[in-house]
Amino acid sequence: MLHAEDPTSADRVRHSTAPHVNHEIDRRTNSNIRRYANSSEEVINRRIEELDKEWDVERTLEVNASTLALTGLLLGATVNRKWLALPAVVLSFLLQHSLQGWCPPLPILRRSGVRTRSEIDREKYELKALLEGR
């Protein structure tokens, strides 16, 4: 359960992201909203469906961490035990992210434009508001 002083995951990610990167993500989100503002209902609904399928930073980190950890385990079991260091490092990054909202891959993902769920949802709900306002 979150307490008032506990930031949400999205807040922690945004807080751990360089301000210029957050600004660029927000700029792209606002640009998307403006681009779709005069579109047909069908086009906006299609965009909303795309947003429902967009992977957020949490899912991206989890899938990448799982893939690397499993690869390290497989290589450690079949090639060389030194590969077992890979899952140890990856899982420590995942733990760090879950506790602090930051880990070494996060800046790379954020600079690549990977958004938090709340950033994706902001675009989605603003597009829905556009539809309701018609």
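In helix α5 of this predicted model, the residues Pro87, Val90 and His97 are buried. Looking down the axis of α5, the buried residues fall within an arc of 90 degrees, so they line one face of the helix. The helix itself runs over residues 85-100, which makes 16 residues. From first C-alpha to last, α5 reaches 22 Å, close to the 22 Å expected at 1.5 Å a residue. Just after α5 comes Gly101, with a positive phi of about 80 degrees.

Helix α7 makes a good second stop. This helix covers residues 117-132 and also has 16 residues. Its span from the first C-alpha to the last is 22 Å, again close to the 22 Å expected at 1.5 Å a residue. The buried residues in α7 are Glu119, Ile120, Asp121, Glu123, Lys124, Leu127 and Leu131, so the list includes charged side chains, and some of these turn up again below.

Next comes Asp56, which sits in the loop between α3 (41-53) and α4 (57-78). Its relative accessibility is 11%, and because the cut-off for buried is under 20%, Asp56 counts as buried. The Asp56 side chain has partners in the backbone. It reaches the backbone nitrogen of Glu58 at 3.2 Å, and one of its polar atoms lies 2.8 Å from the backbone nitrogen of Arg59. Setting aside neighbours within four places in sequence, Asp56 is also in contact with Val114, Arg115, Thr116, Arg117 and Ile120.

Arg117 deserves a closer look from its own side. This residue lies in helix α7 and, at 29% relative accessibility, counts as partly exposed. Not counting residues up to four places away in sequence, Arg117 touches Leu51, Glu54 and Asp56. Arg117 and Arg59 are 58 residues apart along the chain, yet 9.4 Å separates their C-alpha atoms.

That leads on to the charged pairs. Side chains of opposite charge can pair when their charged atoms come close. In this model the count comes to 14 salt bridges. One of them joins Asp121 and Arg117, at 3.7 Å from N to O. Both residues belong to helix α7 and are four residues apart, about one turn of the helix. An α-helix has 3.6 residues a turn, so residues three or four places apart point the same way. Asp121 counts as buried at 17% relative accessibility, whereas Arg117 is partly exposed, with a relative accessible area of 29%.

A pair in helix α2 (residues 19-37) is spaced in a similar manner, with Arg27 and Glu24 lying three residues apart, about one turn of the helix. Their side chains meet in a salt bridge of 2.6 Å, N to O. Here both partners are partly exposed: Arg27 has a relative accessibility of 41%, and Glu24 has a relative accessible area of 26%.

The salt bridge between Glu123 and Arg115, at 2.8 Å from N to O, is set in other surroundings. Glu123 is buried, with 0% relative accessibility, and Arg115 is buried as well, at 5%. These two residues are also part of a network of salt bridges that links them with Arg47, Glu50 and Glu54. Arg115 is thus named twice in this account, since it is also among the contacts of the loop residue Asp56.

How values were computed: Residues are numbered from 1 along each chain as its sequence is written. This is a predicted model: local features need pLDDT of at least 70, side-chain atom pairs count only at pLDDT 80 or more; totals for chains, interfaces and linings use all residues. Side-chain values use heavy atoms; hydrogens and water are left out. Helices (H or I, at least four residues) and strands (E, at least two) are DSSP runs, numbered from the N terminus. The expected span of a helix is 1.5 Å times one less than its number of residues. Buried means under 20% relative accessible area, exposed over 50%, partly exposed in between (1.4 Å probe, protein chains only). The arc is that of the directions from the helix axis to the C-beta atoms. A polar contact is a pair of N or O atoms within 3.5 Å; within protein, one must be able to donate a hydrogen and the other to accept it, and residues adjacent in sequence count only if both atoms are side-chain atoms. Contact means heavy atoms within 4.5 Å. A salt bridge is a side-chain nitrogen of Lys or Arg within 4 Å of a carboxyl oxygen of Asp or Glu.
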